[in-house]
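The following questions and answers examine a single protein chain, moving from its sheet to its charged side chains.

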Amino acid sequence: MVEKPLRLVRTAALTLTFFLSLVLRAADVPPTLELMVSHDRLSMDDVLDLEVRIVNSTKSDLWVFGDLRWGARAGLVLNVGPWERDGPLPLFLDHAEFTKEELTDRRSFVRLRPGSFIGRQRQVKVNDLVRKPGEYRVWIEYQSPLPAVAFDEPFWSSEKASLTSRSLLLRVTRVSSQKN
């Protein structure tokens, strides 16, 4: 008779452990970082339109710092490769930073529902990215500028892994490949 209640307690404990593990795993599932470009064939005198999105691909709400800015201290970093002596140019450096008020304002945080995203667009002159025509890869990295203690809700903080988009191939020619 004692075995039956003990078996029920074990079954309940295992079920609870299973569901808790699902909840905890969902909280640690990273959002995805997507990169889109206006064209993959460009000339040296073209402008590249970029769009980057942080997408909640989980089944639960996810909080993120909503002010996406360019620069290593601000969150978004634009990468171009391969890095060769006569390859991509590090001509522009993003140095965006945040004020203390921006970092502590609750309105700076955005709740992403499942399937929703927050994004940012940017235009970059091709001749500011590369020195000469060729094939290059472009990708974005995102690291939250804030630690977990900055907000009283669980959010994708700086302690979490950085996010990296897939890389896209750009083919750059000397002569304009399209009419504006």
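Q: In what order do the strands of the open sheet of three strands stand?
A: In this predicted model, the open sheet is built from three strands with antiparallel pairing. Strand 1 (32-37) and strand 8 (117-125) each have a single partner strand, so both stand at the edges with one side lacking a neighbour in the sheet. The twist from one strand to the next averages 20 degrees. The strand order is 1-3-8.

Q: Which residue of strand 8 is the bridge partner of Arg-53?
A: Strand 3 covers residues 47-55 and pairs with strand 8 in the antiparallel sense. Nine bridges make up this pairing. Within strand 8, the bridge partner of Arg-53 is Gly-119.

Q: Is Arg-53 buried, partly exposed or exposed?
A: Arg-53 forms a salt bridge with Glu-51, with 3.0 Å between the closest N and O atoms. Buried means under 20% relative accessible area and exposed means over 50%. Arg-53 has 22% relative accessibility, which lies between these limits, and therefore counts as partly exposed.

Q: How many residues apart are Asp-61 and Arg-111?
A: Asp-61 and Arg-111 form a salt bridge whose closest N and O atoms are 3.8 Å apart. The pair links distant parts of the chain, since Asp-61 lies in the loop between strand 3 and strand 4 (62-65), whereas Arg-111 belongs to strand 7 (residues 109-112). Asp-61 is partly exposed at 34% relative accessibility, and Arg-111 is partly exposed at 40%. Their separation along the chain is 50 residues.

Q: What is the relative accessible area of Arg-107, the salt-bridge partner of Asp-105?
A: The closest N and O atoms of Asp-105 and Arg-107 are 2.9 Å apart. Asp-105 counts as partly exposed, with 24% relative accessibility. Arg-107, by contrast, counts as exposed, because the limit for that class is over 50%. The relative accessible area of Arg-107 is 72%.

Q: Which residues are joined into one network by salt bridges that share partners?
A: The count of salt bridges comes to six. One of them is the pair of Asp-61 and Arg-111. Salt bridges with shared partners join into one network Asp-61, Arg-111 and Arg-113.

Q: What percentage of contacts between residues at least 6 apart in sequence join residues at least 24 apart?
A: The chain holds two helices and eleven strands. Of its 180 residues, 32% count as buried. Among contacts between residues at least 6 apart in sequence, the share that joins residues at least 24 apart is 77%.

Methods:
Residues are numbered from 1 along each chain as its sequence is written. This is a predicted model: local features need pLDDT of at least 70, side-chain atom pairs count only at pLDDT 80 or more; totals for chains, interfaces and linings use all residues. Side-chain values use heavy atoms; hydrogens and water are left out. Two strands pair if DSSP finds at least two bridges between them. Helices (H or I, at least four residues) and strands (E, at least two) are DSSP runs, numbered from the N terminus. Axes are lines fitted to C-alpha atoms, for helices over the stretch in contact, and angles run from 0 to 180 degrees between N-to-C directions. Buried means under 20% relative accessible area, exposed over 50%, partly exposed in between (1.4 Å probe, protein chains only). Contact means heavy atoms within 4.5 Å. A salt bridge is a side-chain nitrogen of Lys or Arg within 4 Å of a carboxyl oxygen of Asp or Glu.
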